[in-house]
Amino acid sequence: MGFEHVAGVGTRVWRWSRTSGTQPRLLHAAKAAGAAALAWFVARHVPGVASDYPYYAPLGAVIAMQTTVFAGLRSGIQTLVGIALGIGVAALTMWVGDPGVLAVALAVGIGVLVGGFRVLGEGSSWVSTAALFVLLVGGAHAEGYSLGYLVQMAVGVVVGLLVNFLVFPPLHFWDAEHRIDAVNGVLADHLDGLAVVLREGQRDVAAWDRQQDRLDRAIADVRSRVSIAHESRKINPRGALRGSRARLQQDGARFRALERVAWYTTDLTELVARSGPVAEGIGRPDPAFAEPLAAALDEIACVIRGDCPEDAADRAVAAVERALDASRENPSHVAVTASALVSLRGIVESERRATADIDTKTGPFGSARRPA
């Protein structure tokens, strides 16, 4: 029993470390530390004047240690281009004379203007920074300093890219898949709240705005994670592993389905809670519709959380359809209920596609249906 208890605690700690992002952060920190140390070692053996400025190499390594190999390459190139442009700006402002108020102002002003081009990306801020460094730190030895600065930063960038490429190059598939579970929780809470509104006939516009904002932020977070997952496969030897491409396509399809779930949920909210039967001046909906609708929302929320079987949502939606078929009165309520049924069906079907074959508790390899 003692061993089983320890093993159980170890499993929970492992899952927590992965779901909280602790594992990838620890790995990333260890790789960044190793890359910086290696860059410092290499920098001290660089020939020529550049060897006088080895402290810039660890900085370049850190810049290249991004969350994906492709992002590191992009960041490194943009930074080096920005530094090169900054050196050029400093050379231009040196015509004014020795570093002084006017030269500093010109360096920063021109650097900010040049750095305003979007193509520079992360290198934009390095234009004015490099110009100031060359002016104020390089001073009388600006040429040697500029060469050493640029060369050592390049050394660091190359070392950082190599470390990130060769040592467990990151893939972020599981992170994107796990976030679907978090969005499902937000969606389920939203539907539960809508069921309460249907039963009580009371609405709180400010509360719905906050809930909608929470849902929008959750969807935006998943969109960002899926984008990172796509990027993480580029220039990544692990991206060529069997099944990675298919898995990436599945994640993209799931995210699009999840967006549809959110859209249908928002549409349902507008129908029922904002402008529908419980809106101001209209009053409570017909109980013949309100209770089946509320029950359907409860069941769908339960299915989304994974606490109820999938067919429970179908049975609840069918009950709303029967109530609609049996009604011959209150045309406005009938119209709202018919529209709500479309949204309910959309939520159920899209949610199935969004969570197909996902084990959000153990990760992508927890399901036997996943490719190895």
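These legends walk through several close-up views of a predicted model.

**View 1. The whole chain is built from helices.**
Start with the overall picture before zooming in. The secondary structure comes to 13 helices and zero strands. Follow the sequence from start to end and you simply read α thirteen times over, with the pattern α-α-α-α-α-α-α-α-α-α-α-α-α. The chain has 372 residues, and buried ones make up 44% of them.

**View 2. Helix α7 has the length you'd expect.**
Here's a quick check you can do with a ruler. Helix α7 covers residues 142-166, which is 25 residues. At 1.5 Å a residue, α7 should span 36 Å, and its end C-alpha atoms are indeed 36 Å apart, so the two values agree. Now look just past the end of the helix: Phe168 takes a positive phi there, of about 45 degrees.

**View 3. A nonpolar patch sits on the surface.**
Which residues form the nonpolar patch on the surface? They are Leu27, Leu73, Ile77, Val81, Leu85, Val158, Leu162, Phe165, Leu166, Val167, Phe168 and Ile235. Together they have about 1,000 Å² of accessible area. Two or more patch residues come from each of α4 (69-93) and α7. Phe168, the residue with the positive phi just after α7, belongs to this patch too. Ile235 is also a member, and its place is in the loop between α9 (205-232) and α10 (244-274). With a relative accessibility of 40%, Ile235 counts as partly exposed.

**View 4. Arg25 and Thr67 are separated by 42 residues in sequence.**
Find Arg25 in helix α2, which runs over residues 22-43. Is Arg25 buried or exposed? Its relative accessibility is 51%, so Arg25 counts as exposed. Now find Thr67: measuring from C-alpha to C-alpha, Arg25 and Thr67 are 9.3 Å apart in space.

**View 5. The inside holds a nonpolar core of 40 residues.**
This one is the largest nonpolar core in the model. Which residues have the most contacts inside it? Those are Leu191, Leu268, Leu297, Ile300 and Leu344. At least two core residues come from each of α8 (173-200), α9, α10, α11 (287-305), α12 (310-326) and α13 (331-354). Another core lies apart from it, with 19 residues, including Ala107, Leu120, Trp126 and Ala130.

**View 6. One disulfide joins Cys302 to Cys308.**
A disulfide is a covalent bond between the sulfur atoms of two cysteines. How many does the structure hold? Just one. The sulfur atoms of Cys302 and Cys308 are 1.8 Å apart. The torsion about their S-S bond is about 75 degrees, so this disulfide is right-handed. As for the two partners, Cys302 has a relative accessible area of 17% and is buried, whereas Cys308 has 23% and is partly exposed. The cut-off is 20%, because buried means under 20% relative accessible area.

**View 7. Asp189 and Arg214 tie helix α8 to helix α9.**
Side chains of opposite charge can pair when their charged atoms come close. A search of the whole structure turns up nine salt bridges. In this one, the side chains of Asp189 and Arg214 meet at 3.4 Å, N to O. The pair links distant parts of the chain: Asp189 is in α8 and Arg214 is in α9, 25 residues apart. Asp189 is partly exposed at 33% relative accessible area, and Arg214 is partly exposed with 33% too. Look around and you'll find a network of salt bridges that links Asp189, Asp192, Arg214 and Arg305.

**View 8. Helix α12 takes part in two of the salt bridges shown here.**
The closest N and O atoms of Arg315 and Asp311 are 3.1 Å apart, in a salt bridge. These two residues are four apart in α12, so about one helical turn separates them. Asp311 is partly exposed, at 39% relative accessibility. The other bridge pairs the side chains of Arg345 and Asp314 (3.4 Å, N to O). This time the pair links distant parts of the chain, with Arg345 in α13 and Asp314 in α12, 31 residues apart. Arg345 is partly exposed, with 28% relative accessible area, and Asp314 is partly exposed with 22%.

How values were computed:
Residues are numbered from 1 along each chain as its sequence is written. This is a predicted model: local features need pLDDT of at least 70, side-chain atom pairs count only at pLDDT 80 or more; totals for chains, interfaces and linings use all residues. Side-chain values use heavy atoms; hydrogens and water are left out. The expected span of a helix is 1.5 Å times one less than its number of residues. A disulfide is a pair of cysteine sulfur atoms within 2.5 Å. Buried means under 20% relative accessible area, exposed over 50%, partly exposed in between (1.4 Å probe, protein chains only). Patches are made of residues with over 30% relative accessible area and no salt bridge: like charges are joined within 9 Å, nonpolar side chains (Val, Leu, Ile, Met, Phe, Trp, Tyr) within 5 Å. Accessible areas come from the Shrake-Rupley method with a 1.4 Å probe; for residues, only the protein chains shown count as cover. A salt bridge is a side-chain nitrogen of Lys or Arg within 4 Å of a carboxyl oxygen of Asp or Glu. A nonpolar core is a set of buried Ala, Val, Leu, Ile, Met, Phe, Trp, Tyr and Cys residues joined through side-chain atoms within 4.5 Å.
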